[in-house]
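User: Please take a close look at one part of this model, the hairpin and its surroundings, and then connect it to other local features that deserve attention.

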Amino acid sequence: MKSPAHRTRDIERQAGYLRPEHCAPPPLRYGSDTMWFIHDGCGIVCGVITWFLVFYAEFVVVFVVLLPAKSVIYSLFNGLIFNALGVLALASHAKAMCTDPGAVPKGNATKEFIESLQLKPGQVVYKCPKCCSIKPDRAHHCSVCKRCIKKMDHHCPWVNNCVGESNQKYFVLFTMYISLISFHALILVAFHFVFCFEEDWTKCSNFSPPATVILLILLCFEALLFLIFTAVMFGTQVHSICSDETGIEQLKKEERRWAKRSKWMNLKVVFGHPFSIAWLSPFATPDHGKANLYQYIV
């Protein structure tokens, strides 16, 4: 009797059986430095809105709140902190948006590639009929990115990208810095209202009193809204990392088939080995060290 050959299985059954010979060879990549960018109208608009709101907060804080303040030390200290948080937030956003989240090579479900995996008899590989890719364990197909993403957590329109294995650090930093800058803006606005009530309104701003009030109220509303949203998202992401369970896996209640690690090890897998100040920097690429690779075989 012949030994059983390895099997191939479509992860999305409604698409029908996918034969390896129907897959074209994967497209050539022109180096690892090629910028990743998703051409999605909704995501691009959300990304532009995000940058606009941060610049609006910068404008109001600098020109309405800090410049009219009596204390130069107060203005310089808070201006330095606020602008530093703003730069880190925008840098994190740009890195989360323009970093490959862990896309599986498109069209790699070819007969040659499957044979190169050296599968044992009876082993199963999952294939995505939408992008013609062999799917590693814990990978999911994103309908917006039109790719299978390794360890995909969710697709976020605010960063116009998926949050996955390779850019989750930047997304977490983005939510953290936005929540910090929002909290700082609320404190500054509160102090400035007190200052304006104690002093003449014409002396507490370079703008007219009605314009000053409108600008401060809009900033207060924006800061409160994004503080709540990003703080909740930050907490959700940290919990997801510590439990080593993505948002999709929690939503689908998928059976855990991967090795369990400590919370500290899970954090190092995302932010890098070993622990350092680089964890807080969006400019530092995390070194995953000896992190386990997600296998193609199930």
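Analyst:
**The β2–β3 hairpin and beyond**

In the hairpin of β2 and β3, where four residues lie between the strands, C132 adopts a positive phi near 55 degrees. This is a predicted model, in which local features need pLDDT of at least 70 and side-chain atom pairs count only at pLDDT 80 or more, while totals for chains, interfaces and linings use all residues. Residues are numbered from 1 along each chain as its sequence is written, and side-chain values use heavy atoms, with hydrogens and water left out.

Strands (E, at least two residues) and helices (H or I, at least four) are DSSP runs, numbered from the N terminus. Strand β2 covers residues 124–128 and β3 covers residues 133–135; the two run antiparallel and are joined by three bridges, where pairing requires that DSSP finds at least two bridges between two strands. One of the bridge partnerships sets C128 against S133 in β3.

The hairpin's first strand is mostly covered, with five of its five residues buried, buried meaning under 20% relative accessible area, exposed over 50% and partly exposed in between, for a 1.4 Å probe and protein chains only. Both of its faces are covered, since V124, Y126 and C128 are buried on one side and V125 and K127 on the other. C132, in the loop between β2 and β3, is not a glycine despite its positive phi, and it is buried at a relative accessible area of 13%. A second non-glycine residue with a positive phi, about 50 degrees, is N160; N160 is found in the loop between β6 (154–156) and β7 (161–163) and is buried, with a relative accessible area of 0%.

The cysteines can be considered next. With a disulfide taken as a pair of cysteine sulfur atoms within 2.5 Å, the count comes to zero. C128 is accordingly in no disulfide, and the nearest cysteine sulfur, that of C148, is 3.6 Å away; C128 is buried, with a relative accessible area of 0%. The sulfur of C46 is 4.2 Å from its closest cysteine sulfur, in C42, which is too far for a bond, and C46 is also buried, at 12% relative accessibility.

Elsewhere, aromatic rings form pairs. Rings of Phe, Tyr and Trp (its six-membered ring) pair if their centres lie within 6.5 Å, and planes under 30 degrees apart count as stacked, over 60 as edge-to-face and the rest as tilted; by this rule there are nine aromatic pairs. One of them joins F59 and F207, edge-to-face at 6.0 Å centre to centre with 70 degrees between the planes. F59 lies in helix α1 (residues 41–66) and F207 in the loop between α4 and α5, so this pair ties together parts that are 148 residues apart in sequence. F59 is partly exposed at 35% relative accessibility, and F207 is partly exposed at 32%. The rings of W264 and F275 have centres 5.8 Å apart and planes at 50 degrees, so that pair is tilted; W264 is in helix α7 and F275 in the segment after α7, 11 residues apart. W264 is partly exposed at 42%, whereas F275 counts as exposed at 54%. W264 and F275 belong, with F271 and W279, to one aromatic cluster. The segment after α7 (263–271) also holds P274, and the peptide bond from H273 to P274 is cis, with omega near -15 degrees.
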